[in-house]
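Thanks for making time this morning. I would like to walk you through one model, going from the whole chain down to a few single residues, so please have the viewer open.

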Amino acid sequence: VYFFSQAVNNDEAIEEADYIKTLLGDETIDFPVAYDWEIIKDDDARTDSVSAAQATACAKAFCNRVKELGYTPIIYSPSKELYFKYDLTQLADFDIWYCEYANVPTFYYQFSMWQYSSSGKVDGIEGDVDMNICFTNIADYD
C-alpha cells in the first residue's frame with residue numbers, strides 16, 4: 001500500500017493513516033504501508049511551506065499510526081527529501097524505500113527497498129512499470 005501524502009501537520013498525517021485502514025478494512029497485506037511525502041516541483045502545493053521539522057513529524061506520526069493499526073510502515077522517498085526534509089535520526093525506527101532511477105544507488109544511508117526504474121516491463125501489464133528491489137525480509141509471507 002502506497003500513500004502520497006499532502007499532510008501539513010501531524011493530525012492530517014494520522015488522518016491519512018486512518019483513511020488507509022478504512023480502505024483496507026480487514027484485508028491483510030504482505031508488504032508495508034508506504035508514506036510518500038514529496039516536494040512538489042514546478043507547481044504550487046499546500047505543502048510548500050512545511051518545514052523540515054514538520055515534515056519529519058508528519059512522517060513519524062503517520063508511521064506510528066500505521067504501526068498501531070497493525071501494519072508495517074515504510075517511508076518512500078527520493079534523496080532530496082531524505083537529505084533536506086527529514087531528520088533521519090528521528091525516523092530510525094522505520095524502513096526506507098529509496099527512489100532513484102539509476103544503475104547504482106547513490107543514497108548514503110541504509111535503505112530496505114530501492115525503486116531503480118520507472119520504465120520496467122512486466123508480462124500482463126501494458127506500459128511502463130516501476131521496478132523495485134527489496135533487500136530485507138520486510139515482507140510478511142506468513
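Let me start with a question: in which strand does Asp 36 lie? Asp 36 lies in strand 2, which covers residues 33–36, where helices (H or I, at least four residues) and strands (E, at least two) are DSSP runs numbered from the N terminus.

Before I go further, a word on conventions. This is a predicted model, in which local features need pLDDT of at least 70 and side-chain atom pairs count only at pLDDT 80 or more, while totals for chains, interfaces and linings use all residues. Residues are numbered from 1 along each chain as its sequence is written, and side-chain values use heavy atoms, with hydrogens and water left out.

Now the overall picture. The protein chain has three helices and six strands, and from the N terminus on these elements run β-α-β-α-β-α-β-β-β. The radius of gyration is 15 Å, close to the 14 Å that the globule rule gives for 142 residues, so the chain is as compact as a globular protein of that length; here the radius is taken over C-alpha atoms, and the rule is 2.2 Å times the number of residues to the power 0.38. Along its principal axes, the C-alpha trace spans about 40 × 35 × 30 Å.

Turning to packing and surface, buried residues make up 39% of the 142 residues, where buried means under 20% relative accessible area, exposed over 50%, and partly exposed in between, with a 1.4 Å probe and protein chains only. If we take contacts (heavy atoms within 4.5 Å) between residues at least 6 apart in sequence, 54% of them join residues at least 24 apart. The chain exposes about 8400 Å², of which carbon and sulfur atoms supply 48%, the areas coming from the Shrake-Rupley method with a 1.4 Å probe, and for residues only the protein chains shown count as cover.

What about the cysteines? The structure holds zero disulfides, a disulfide being a pair of cysteine sulfur atoms within 2.5 Å. The sulfur of Cys 58 has its closest cysteine sulfur in Cys 63, and because that is 11 Å away, it is too far for a bond. Cys 58 counts as buried, at 0% relative accessibility, and Cys 63 likewise counts as buried at 0%.

Let me return to Asp 36, which is buried with a relative accessible area of 0%. Leaving aside neighbours within four places in sequence, Asp 36 is in contact with Tyr 2, Phe 3, Phe 4, Ser 5 and Tyr 76.

A second buried residue is Ser 77, in strand 3, with a relative accessible area of 0%. With neighbours within four places in sequence again left aside, Ser 77 is in contact with Leu 82, Tyr 86, Trp 97, Tyr 98 and Cys 99. Ser 77 and Val 66 are 11 residues apart in sequence and 17 Å apart in space, C-alpha to C-alpha.

Val 66 also appears in the surroundings of Thr 72, a residue in the loop between helix 2 (52–68) and strand 3 (73–78). Thr 72 is partly exposed at 38% relative accessible area, and, beyond its neighbours within four places in sequence, the residues in contact with Thr 72 are Pro 32, Val 33, Val 66 and Ile 138. Between Thr 72 and Asp 123, 51 residues apart in sequence, the C-alpha to C-alpha distance is 28 Å.

My last stop is Tyr 109, in the loop between strand 4 (95–99) and strand 5 (113–120). Tyr 109 is partly exposed, with a relative accessible area of 44%, and, leaving aside neighbours within four places in sequence, Tyr 109 is in contact with Tyr 83 and Leu 88. Tyr 109 and Ser 79 are 30 residues apart in sequence and 9.9 Å apart in space, C-alpha to C-alpha.
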